[in-house]
Amino acid sequence: MSPPPPNYEFQEWWNKEREKAYGLLAPPPDDPSITSSAAADAAWAAVEVHTPTTPGAAGKSRGRSPRQLSWLLFLRLHHSAAVLASLPARLLSLLLTAARRISSAPVSSSTDSRLYRVIRAFLVLAVLLLLLELLAYFKGWHFSPPSYASSAEALERLYANWLYIRAQYLAPPVQAMANVCIVLFLIQSVDRVVLMLGCIYIRLRGLKPVVAMEYEDGDVEGGQLVENYPMVLVQIPMCNEREVYQQSIAAVCIMDWPRERMLIQVLDDSDDMDVQLLIKAEVQKWQQKGVRILYRHRLIRTGYKAGNLNSAMSCDYVKDYEFVAIFDADFQPTPDFLKKTIPHFKGNDDLALVQARWAFVNKDENLLTRLQNINLSFHFEVEQQVNGYFINFFGFNGTAGVWRIKALEESGGWLERTTVEDMDIAVRAHLCGWKFIFLNDVKCLCEVPESYEAYKKQQHRWHSGPMQLFRLCFIDILHSKVSLSKKANLIFLFFLLRKLILPFYSFTLFCIILPLTMFLPEAQLPAWVVCYVPGIMSVVNILPAPRSFPFVVPYLLFENTMSVTKFNAMISGLFKFGSSYEWIVTKKLGRSSEADLVSFAEKDPQPQAESRGLHRASSDSGLSELNKLETIKKPGKIKRNHLYRKELALAFILLTASARSLLSAQGIHFYFLLFQGITFLVVGLDLIGEQVS
């Protein structure tokens, strides 16, 4: 019998796996901590099976021999051993980092807030109750609870009084509050499931907005008549955006739209003179390339982004334009963005807004960005798409959208009364009868925050602003001329359920009531509330981002951890606390995908000879000197990771409650409290996201 032909497919796969094993197991040559025997073992694990490779014979055999399967098993075992061997070192490194963070990291400025003082008092009470329960456990009072009449010792009488008070006075209100939160939790879960079913229906039926006309691809000058392209104003609001101003301006300037039918406004609110000069130089560079682009700078930055946009819309030449496209400083629209969005306005005279979806260039940067991608994927593909298709309304995202200027003017324009000016104008336009369209297949690249500090500040603004807006526009909603169903959707679904109830029950149920039920066993939370329903909802939320399924448990725990920030922001916005009007520009790093850079290079309209002329002109005007500022970093304080005391205090509360749950042998509750407490501890020590210490 002739031997079987060599399996070249397996050989190629083996070589790839061997390289992975070598990179994982083989130590660097200058690492003195690895012994020579370990190096020999790693090299032996990466032995190559020498088999000649012939492309023509690659498809002759697809099977694997027992020897090859043995090698596969052996390789997998080495992979597992290497991972297990590295766990103690990783754990030690994490503990050392936490110790350094505690000793040297700056403390978050929110430590003296009202909420922190309440949480701190709760922590002290939880520790005292745990000590009392431990004493009762070792005394045997858990198995034979003492009565006040038969108690001889003072401690025994104290514990008997505690049993009576918690059963008669404390447990009933806690149980009532738990029941209320459970009902709210179930209502919000039903809303999520209905939205997901709507998204599945849209996907199965292939439903999407239909356009009455389309623009041809390629050069706009050689296709349709220029008069067929409406006048479009493009606005790029920014403030001290040193890292991203170049890529955002370049992405807009290379959009495939007739130059005489588009005007770009760079709306700079920077108070850093170096950044102002850099942005102005970038604008002048594109002006010399023939792009119609203007630089506007306000001396007084009132109203933040809303004031900036409102100031730009007051220019006399705005009346010549029909639409305005808005892009934040870190957004990079594709060249055909306007060609995919503007046609939807044709024949839809009541259409005010076309919103595109966000895509994230740094979604795989760290665990924090992966978890944000899960949240935002659900927001866009489910919430925005379903609401846009079935009721023609959703909250404007503030960027990557095109507005009909007439709709902006009839709705009252940009107002400076809240920190969510985008949601404000969307609600007012909806009350005036305008419709919105969401395009799930049109994506605009941007960044998500990579540090927890930046993400926390962003989420505070995003959750305090809606409560400010709800307080201001509630009467307007009641008095508006829209249908009763639209009023009910705005009040009960858009504001109350998704902006107020969600952070309220999430924080109250899982961070307050659940630990309390461990110390008040007469009040109970069923296991399905603690584990099963949250798990199902996490799976539902992660469906729009299926590649993120391995992170479903971290996502569930992290969302509960973020509830303290969202709850605090919601309360501050609802009751007009000082921090509710705080506006901090989200930190950006200026990340671009490789495809974006190639696109910029291909779309650069300047030939080489013209570029040399531009270089001379820029040198004559002194712009070349300004480019040197890009490499100059202003001296300042060394940036470090923070300590977040609200999260740390809640971590110790949950860990204390998990220790108390052991006395009652509550398995699911113990594991949930333990892992949730560890998550709070990791977040409180700022060990998630970008590490800069």
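Helix 8, residues 304–313, lies across strand 1 (232–238), strand 2 (262–268) and strand 3 in this predicted model, and the helix runs at about 145° to strand 1. The sheet that includes these strands is open and is built from seven strands in the order 3-2-1-4-6-5-7, with mixed pairing. Because strand 3 (293–297) and strand 7 (435–446) each have a single partner strand, they stand at the edges, and one side of each is left without a neighbour in the sheet. From one strand to the next, the twist averages 20°. Strand 7 pairs with strand 5, residues 351–360, in the parallel sense over nine bridges, and within this pairing Ala 359 has Leu 445 of strand 7 as its bridge partner.

In the protein as a whole, the secondary structure comes to 21 helices and seven strands. Among these helices, helix 6, which spans residues 245–253, is mostly covered, with eight of its nine residues buried. The buried residues are Tyr 245, Gln 247, Ser 248, Ile 249, Ala 250, Ala 251, Val 252 and Cys 253. Ile 249 also has a place in the largest nonpolar core, a set of 91 residues in which Ile 249, Leu 338, Trp 403 and Val 427 touch the most other members. When neighbours within four places in sequence are left aside, the contacts of Ile 249 are with Ile 236, Val 266, Ile 279, Glu 282, Val 283, Trp 286 and Ile 293. Apart from the largest core lies another one, of 61 residues, whose members include Tyr 116, Leu 520, Val 530 and Ala 649.

Two polar residues can be followed in the same manner, beginning with Asn 366, which is found in the loop between strand 5 and helix 10 (367–391). Asn 366 counts as buried because its relative accessibility is 16%, and the cut-off for that class is under 20%. Not counting residues up to four places away in sequence, Asn 366 touches Glu 450, Gly 689 and Glu 690. The pair formed by Asn 366 and Glu 450 is separated by 84 residues in sequence, while their C-alpha atoms are 7.3 Å apart in space. The second residue, Ser 506, has its place in helix 14, residues 484–519, and is likewise buried, with a relative accessible area of 9%. Leaving aside neighbours within four places in sequence, Ser 506 is in contact with Cys 511, Glu 559, Asn 560 and Ser 563.

Turning to the protein as a whole, buried residues make up 51% of its 693 residues, and about 33,400 Å² is exposed, of which carbon and sulfur atoms supply 60%. Of the contacts between residues at least 6 apart in sequence, 82% join residues that are at least 24 apart.

The confidence of the prediction should be read alongside this description: the mean pLDDT of the protein is 83, and 78% of the residues reach 70 or more. Over residues 24–61, however, the pLDDT stays under 50, and for this stretch the model has 38 contacts beyond four places in sequence. Residues 593–623 also have pLDDT below 50, and that stretch has 30 contacts in the model beyond near neighbours in sequence.

Note on methods: Residues numbered from 1 in each chain as written. Predicted model: local features only at pLDDT ≥ 70, side-chain atom pairs only at ≥ 80, totals over all residues. Heavy atoms only, no water. pLDDT = per-residue confidence, 0-100. Contact = heavy atoms within 4.5 Å. Core = buried A, V, L, I, M, F, W, Y, C linked by side-chain atoms within 4.5 Å. Buried < 20%, exposed > 50% of the residue type's maximum accessible area, 1.4 Å probe, protein only. Helix = DSSP H or I, 4+ residues; strand = E, 2+ residues; numbered from the N terminus. Pairing = 2+ DSSP bridges. Axes fitted to C-alpha atoms, helices over the stretch in contact; angles between N-to-C directions. Areas by Shrake-Rupley, 256 points an atom, 1.4 Å probe, with all protein chains shown as cover.
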